[in-house]
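Here's a walk through the model, from the ground rules to the contacts between chains. Keep the viewer open as you read.

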Amino acid sequence: MSPQPEAAPSGVIHDIGYRGYDGPRLGRNLVARALFFHSLRGVFGIGRSARSKVMPMGLFAVIWLPALVIAVITVVTASQGLLNDVPVQFARYPMLLQPAVAIFLGTQAPQAVSLDLRYNTLPLYLSRPLERVDYVTAKYAALATGVFILLAIPILTMYIGALLAELPAGEQTGDVVLALIGAALFSLVLAGIGLLIASLTARRGFGVAAIITVLVMSYSVVSGLQGIIGHGQSDLATAGWLGLLSPMTLVDGVQTWALGAESSAVAGPPGDLAGLVFCLVTATVVVGSYLCLMYRYRKVTV
Amino acid sequence: MNSTIIRMTARAMLGGRRIYLLAALSVLLLVLAVLLRLFADLSPDDTAQFLHGVSLSTLLPLFGLIVGTGAIGPEIDDGSIVYILAKPISRAEIVRSKLLVAVTAAIAFAAAPTFLAGAIMAGTSANVALGFGVGALVAGVTYSALFLLLAIATRHAVIVGLVYALAWESLVGSFVPGARTLSIQQWALSVTEAITGPGVISSDVSLGAALVLLVLVVGGTTWYAGERLRVLTLAGDD
Amino acid sequence: MSHVPVIATEDLTKRYPGITALDRLSVEIEPGVVGLVGANGAGKSTLIKILLGLSEATSGRASVLGLDTVSHGPQIRGQVGYMPEHDCLPADVSATEFVVHMARMSGLPADAARERTADILRHVGLYEERYRPIGGYSTGMKQRVKLAQALVHDPQLVMLDEPTNGLDPVGRDEMLALIRRIHTDFGIAVLVTSHLLGELERICDHVVVIDAGVLLRSSATADFTRASEQLAVEVTAGTEAVARALTAAGLTVSAAGQILVVEITGEDTYDVVRDTVADLGHGLLRLEPRRHRIAEVFEGGAADVSAA
């Protein structure tokens with residue numbers, strides 16, 4: 001811990017001395033981009049301690065594995081002539097794995113923002129050329145991109161399986177593109193909600209519990225209601241409208257109506273008006289989350 | 001049981017944001033029950049399915065998680081647990097006191113609303129309300145004890161608990177039949193089945209086995225939590 | 001370099017409900033090591049936050065490095081380093097990782113960020129421990145990390161808020177020496193705040209004193225602490241008799257408690273005092289030139305504090 005030796009009055013000078021910096025200084029946009037990549041790495045625990053890798057990587061494996069299995073099954077059964085389409089529609093995959101996706105968001109959304117709030121690191125960011133809007137945008141984009149990667153890789157894996165099984169390429173490609181669009185929507189909606197909840201508390205543990213509770217409870221409640229009303233009452237229309245009330249069923253509804261996917265919920269949006277409403281609400285949730293995040297970070301005392 | 005610790009824990013857990021989340025969930029359950037009763041024709045089966053899916057499978061584990069970790073997690077996080085540990089109170093007593101608060105909260109905010117929701121939706125038919133109320137109570141006690149232990153044993157208790165409550169119990173439990181014997185949900189369901197009578201709901205675990213496992217788990221986790229508290233190392237660092 | 005003040009404020013005011021943190025503060029700060037002194041709550045941190053654009057002034061203007069804080073905030077922040085008073089370091093990353101990340105947040109490209117981080121950590125004396133997680137650091141090491149992230153992007157001005165907080169006396173000395181080097185060796189202008197008056201006297205060229213948001217005084221340290229043309233004399237007994245004798249000998253004497261303050265008229269004043277006291281048969285406890293202390297500014301009206 002001794003300071004750099006000063007230049008000796010005689011003899012060899014080892015002290016490098018202080019070197020100024022004359023090189024380029026990047027502007028806001030590039031800095032925001034650097035924060036984006038840094039946060040994206042953090043979403044998967046890359047570049048951090050081994051412990052912070054366990055959860056995201058473990059969940060990534062849990063979410064990817066079934067897709068791998070499905071891809072293999074596709075190839076095997078198609079080669080025996082037993083199949084002419086994939087066993088599981090690409091677009092249905094996020095919904096099938098939704099508990100795991102919810103846990104991923106529950107752990108990684110707080111990782112992205114609660115730490116900065118808890119350790120009070122925000123003043124260090126904001127005393128730099130970065131503005132609050134850059135911070136929020138970078139974090140939101142990073143988490144959404146992370147979730148998209150989480151969903152896209154399994155979907156693409158199943159697609160490759162379908163191609164290897166020599167299923168009709170045009171049809172499969174069309175399906176996979178639509179599924180990826182759906183995955184993008186899921187990412188935006190879930191990341192927005194998760195980030196907003198996480199930013200409300202500096203206590204990471206509570207943020208995790210709150211996010212998972214909201215995502216899982218809402219799905220559970222909506223499914224339960226749809227079950228009773230849709231099947232018990234045979235009122236699929238109302239059951240369909242109920243899908244607006246949970247993020248997962250909301251995006252599933254948009255997928256079903258706008259992208260022609262099979263519904264994974266008990267009931268999809270009944271009719272075109274409902275479909276439009278679903279799309280509108282989805283857009284509102286995304287934009288609304290972003291705006292609320294901006295407001296939250298404007299209010300945070302630095 | 002130490003009344004000061006009980007008071008402190010109660011104040012910490014129920015003050016601030018946590019109580020809003022807990023209350024919101026209970027209210028949600030009750031509102032849903034009322035709406036369903038008003039607008040839908042509910043058979044006892046419907047009620048049972050609903051309570052199983054929403055309350056036992058989802059609400060109870062999450063509640064147990066929130067109150068079990070909330071009873072001691074924040075104190076460990078910010079280090080103020082030191083003040084309690086420095087007093088001449090046995091570790092087991094500390095655990096029991098905190099568990100009491102957690103269980104009371106779980107009963108008040110999860111088990112009782114479940115019972116009420118059942119009563120609203122199905123009246124007294126087939127003892128559904130009573131069955132699920134008791135099942136929820138049993139589940140609440142067990143989950144609270146389990147998550148209290150996790151909060152002491154690992155710093156990432158919430159995450160570990162979540163993986164168990166959601167992934168293990170629902171995913172693995174659905175695909176690996178043997179695993180269902182080890183699911184708290186199934187034990188609670190077994191108790192419910194015993195009360196509602198057959199046909200409404202079925203559990204894969206016999207009542208006798210369930211009761212034994214429940215007592216073992218609650219007793220074991222409570223005891224082990226005391227042991228872990230004894231050797232708790234506070235990290236100011238990670 | 002001494003023409004443009006690094007910091008200038010004009011009637012800067014910051015009001016919160018019920019509290020006025022800054023009250024029409026007008027001050028100009030030259031390059032060098034400048035100390036900002038005031039009790040806790042005097043407005044030092046508020047001033048720094050307004051200068052950085054982290055907080056908005058209620059009224060008045062401020063400029064840093066010649067740029068207005070309101071219209072040129074991002075440019076200012078690219079050229080300035082900030083070391084906050086409060087804890088602000090994440091516990092689970094290492095010093096190197098953290099400072100590299102902060103360097104990139106300041107606009108340095110990745111390679112430059114890594115190089116400069118290694119350099120800066122060496123300069124602040126944190127080289128061996130730099131790969132351990134910050135959570136395990138002592139207070140002194142954490143302060144050094146905070147300082148490193150403020151310096152890593154080679155700012156023109158660095159603002160340090162209570163940098164010696166929580167340090168033991170040795171750590172405090174090392175930090176103060178480091179701060180002095182930032183100006184003399186690195187060529188960076190420094191604004192240091194403290195509520196400890198004594199330490200600033202040692203390293204600052206210039207001191208600004210504020211209290212309750214109001215400027216009390218701003219001048220060179222030398223002015224504060226210059227030796228006055230006065231002697232402090234303390235005797236074992238018979239203070240009054242000595243005072244009378246010295247006055248009779250032609251010296252101007254005033255009393256400050258047990259101490260007699262004697263105006264120095266020439267080189268022989270010392271001899272006169274010594275002889276007078278000896279003649280009266282008393283013991284001479286103290287005979288020293290009197291220095292001022294910054295603390296006197298707060299006493300307000302201390303007779304011997306006068307502007308240069």
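## Ground rules

A residue is called buried when its relative accessible area is under 20%, exposed when it is over 50%, and partly exposed in between (1.4 Å probe, protein chains only). By that yardstick A:Cys279, at 24% relative accessibility, is partly exposed.

This is a predicted model, so local features need pLDDT of at least 70 and side-chain atom pairs count only at pLDDT 80 or more, while totals for chains, interfaces and linings use all residues; side-chain values use heavy atoms, with hydrogens and water left out. Residues are numbered from 1 along each chain as its sequence is written, with chains lettered from A and ligands numbered from 1 in the order in which they are written.

## Cysteines

A disulfide here means a pair of cysteine sulfur atoms within 2.5 Å. Over all chains, that rule gives a count of zero disulfides. C:Cys88 is a buried cysteine, with a relative accessible area of 1%.

## Two spots in chain A

Start with A:Trp257, which sits in helix α10 (residues 247–258) of chain A. Helices and strands are DSSP runs, numbered from the N terminus: H or I over at least four residues for a helix, E over at least two for a strand. A:Trp257 is partly exposed, as its relative accessibility is 29%. Contact means heavy atoms within 4.5 Å. Setting aside residues up to four places away in sequence, A:Trp257 touches A:Pro269, A:Gly271, A:Asp272, A:Gly275, A:Leu276 and the A:Cys279 mentioned above. The C-alpha atoms of A:Trp257 and A:Gly240 are 11 Å apart, with their positions 17 residues apart along the chain.

Now move to A:Val300, in the segment after α11 (271–299) of chain A. Is A:Val300 buried or exposed? A:Val300 is buried, because its relative accessible area is 12%. Leaving out neighbours within four places in sequence, A:Val300 contacts A:Leu117, A:Leu122 and A:Arg132. A:Leu122 is 178 residues away from A:Val300 along the chain, yet their C-alpha atoms are separated by 9.1 Å.

## Chain B and one of its serines

Chain B has ten helices and zero strands. Of its 238 residues, 52% are buried. Among contacts in chain B with a separation of 6 or more, 77% are between residues 24 or more positions apart.

For a close-up, pick B:Ser144 in helix α7 (residues 128–153). B:Ser144 is buried, at 0% relative accessibility. A polar atom of the B:Ser144 side chain lies 2.7 Å from the backbone oxygen of B:Gly140. Beyond residues up to four places away in sequence, B:Ser144 touches B:Gly64, B:Val67, B:Gly68, B:Leu99, B:Ala102, B:Val103 and B:Ala106.

## Where chain B meets chain A

Here 29 residues of chain B are in contact with 25 residues of chain A. Buried area is the accessible area (1.4 Å probe) that two parts lose on being put together, summed over both. For chains B and A that comes to about 2,600 Å², with carbon and sulfur atoms giving 75%.

A salt bridge is a side-chain nitrogen of Lys or Arg within 4 Å of a carboxyl oxygen of Asp or Glu, and the count between chain B and chain A is zero. A polar contact is a pair of N or O atoms within 3.5 Å; within protein, one must be able to donate a hydrogen and the other to accept it, and residues adjacent in sequence count only if both atoms are side-chain atoms. That rule finds two residue pairs across this interface (both at pLDDT 80 or more). On the chain B side, α2 (17–39), α3 (44–70), α4 (73–77) and α8 (157–175) each supply at least two residues.

## Where chain C meets chain A

In this interface 44 residues of chain C contact 34 residues of chain A. The two chains bury about 3,700 Å² between them, 54% of it on carbon and sulfur atoms. C:Leu54, C:Arg77 and C:Met105 supply 17% of the area chain C buries there, more than any other three residues.

How many salt bridges does the rule find across the interface of chain C and chain A? There are two. C:Asp119 forms a salt bridge with A:Arg19, with the closest N and O atoms 2.7 Å apart. The polar-contact rule finds 15 residue pairs across the interface of chain C and chain A (both at pLDDT 80 or more).
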